[in-house]
Amino acid sequence: MAPRPIVIAGASLAGMRAAKAMRAAGEEGPIVAVGDEAHLPYTRPPLSKGLLKGSETPESTDLGGADLDVEWRLGERGDRVDAIGHEIVLADGERVPYRRLLVATGSRPRHWTGPGAGLEGLVTLRTLDDALALRERFDQGPRVAAIGAGFIGCEVAATARALGLDVTLIDIADRPMTVFGQDIGAWVASLHRSHGVDLRLGTGVSAVEGDGRVEAIVLDDGSRVETDLAIVALGAVPETGLLEGSGLALGPGLRCDATLTSVSDPDVLAAGDVASWPHPLADGDQLRVEHWANAVEGGRVAGRNMLLEPEERRPHDTLPSMWSDQYGLRIQVAGLPSGSDTSHVLEVEPDGHRRVVACSRSGRVSAAIAVAAPRRLVWYRQHVERASSLHEVRAALEEHDEAIGPPAQAVSA
């Protein structure tokens, strides 16, 4: 009898990295990856930037999964997991047995469910096909509104402005990208305004109006935004539909221990957006990270752990990192800005964009955010990893090593 394969649910970046890690660690048995998209794994960051702008192609986003010794079952949706029988049941009823299962299904965008839901021109951006369809719409020169000023909303707004489109950016918060704190949020707001974006902040959306297609967005303050295209960028939720009724503990995502192993079943692991696990920076709380670097590193850790017995598995404790590109500037983050108590501007370039902000939690630096300062972030990252106090970081900053480049301008306490 042929051995049961290792099965990966989700033909994603995290799933592919796990497969590569398993092969590199010597796994010779069959690996089957089931994904509901028709595409081999691709990288998502260009979807809201280069691919949407037209400077990149679908081919440039491909991650090379075709070169792996993996059976890719694409365009096949998993319906549920039978954890007792060690099988995935597909939408057509086929049962795919597994020896161990990696859940790498990612997340799905939140949709607008209020008045106007279902109108033509009300779209989300998550997949390669979404990005290609949105790029075609951009070619028609529409007025664009983004509902939500997080990563996707801000990046799409920046891309649309780079293409010369009229753009409105809407958020119920008083600043964009609230996860980064007051200073960076205010800076992002000024950046978008300087590029001609109409910011509507501090007010939510009460309705989307139109006769069959989007014509206007009505805000809670009574104002209206006339638009031809509304991108819903209200965040994402973990894609756990496959796991409903499986008996596996959920919330948020698939609930795992520090090794990315399901707390309910040692033969089920997770990686990427769908996984939640206790990270040292979160003081033992379950953490879920929706960013590229976590999919890469989490996929690698989970892949290697798939081949080990539970007591031999290693924790996923890499420092989280993320970035956002807007108007040719890169915002980079090392650590966890969310959940921080306070933020502190440590460096700033008065006549430019370069700056560094540190976030602290319980008196310890929990994240560093750098704008146009990648070399500086490498230095700050070490302090985040050591959970240095803000005082220690300030003291070290005064004696900074010129080899990493002088600070933009150190800010006194």
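This report describes strand 1, the nonpolar cores, two helices and one arginine in a predicted model.

**Strand 1 and its partners**

Strand 1 covers residues 6–9 and is covered on both faces. Ile6 and Ile8 are buried on one side, and Val7 and Ala9 are buried on the other. In a regular strand the side chains alternate between the two faces of the sheet.

Strand 1 runs parallel to strand 2 (residues 31–35), and four bridges join them. The connection from strand 1 to strand 2 passes through helix 1, and this β-α-β crossover is right-handed. Strand 1 also pairs with strand 7 (residues 101–103), again in the parallel sense, over three bridges. Ala9 takes part in both pairings: Val34 stands opposite Ala9 in strand 2, and Val103 is the bridge partner of Ala9 in strand 7.

**Nonpolar cores**

The largest nonpolar core has 67 residues, of which Ile88, Leu101 and Leu102 touch the most other members. Helix 1 (residues 13–24) gives the most to this core, with six residues. Beyond its neighbours within four places in sequence, Ile88 is in contact with residues including Val7 and Ala9 of the chain's early part, Val81, Val96, Leu101 and Leu242. Polar and charged residues are also among the contacts of Ile88, including Arg80, Glu94 and Arg95. A second, separate core holds 43 residues, among them Tyr42, Leu51, Ala160 and Ile369.

**Helices 5 and 6**

The table sets out the spans of the two helices.

| Helix | Residues | End-to-end C-alpha distance | Expected span |
|---|---|---|---|
| Helix 5 | 151–162 | 17 Å | 16 Å |
| Helix 6 | 181–194 | 20 Å | 20 Å |

Helix 5 is largely enclosed by the rest of the structure, because nine of its twelve residues are buried. The buried residues of helix 5 are Phe151, Gly153, Cys154, Glu155, Val156, Ala157, Ala158, Thr159 and Ala160. One of them, Ala160, also belongs to the second core. In helix 6, the buried residues are Gly181, Ile184, Gly185, Trp187, Val188, Ala189, Leu191 and His192.

A glycine with a positive phi comes just after each helix: Gly164 follows helix 5, with phi about 85°, and Gly196 follows helix 6, with phi about 90°.

**Arg126**

Arg126 lies in the loop between strand 9 (122–123) and helix 4 (128–138). Its side chain makes a polar contact of 3.3 Å with the side chain of Asp273. Not counting residues up to four places away in sequence, Arg126 touches Tyr42, Arg44, Leu47, Gly106, Ser107, Pro109 and Asp273. Of these, Tyr42 is a member of the second core.

Conventions. Residues numbered from 1 in each chain as written. Predicted model: local features only at pLDDT ≥ 70, side-chain atom pairs only at ≥ 80, totals over all residues. Heavy atoms only, no water. Helix = DSSP H or I, 4+ residues; strand = E, 2+ residues; numbered from the N terminus. Expected span 1.5 Å × (residues − 1). Buried < 20%, exposed > 50% of the residue type's maximum accessible area, 1.4 Å probe, protein only. Core = buried A, V, L, I, M, F, W, Y, C linked by side-chain atoms within 4.5 Å. Contact = heavy atoms within 4.5 Å. Polar contact = N/O pair within 3.5 Å; in protein donor to acceptor, adjacent residues only side chain to side chain. Pairing = 2+ DSSP bridges. Right-handed = clockwise from strand over helix to strand, strands pointing away.
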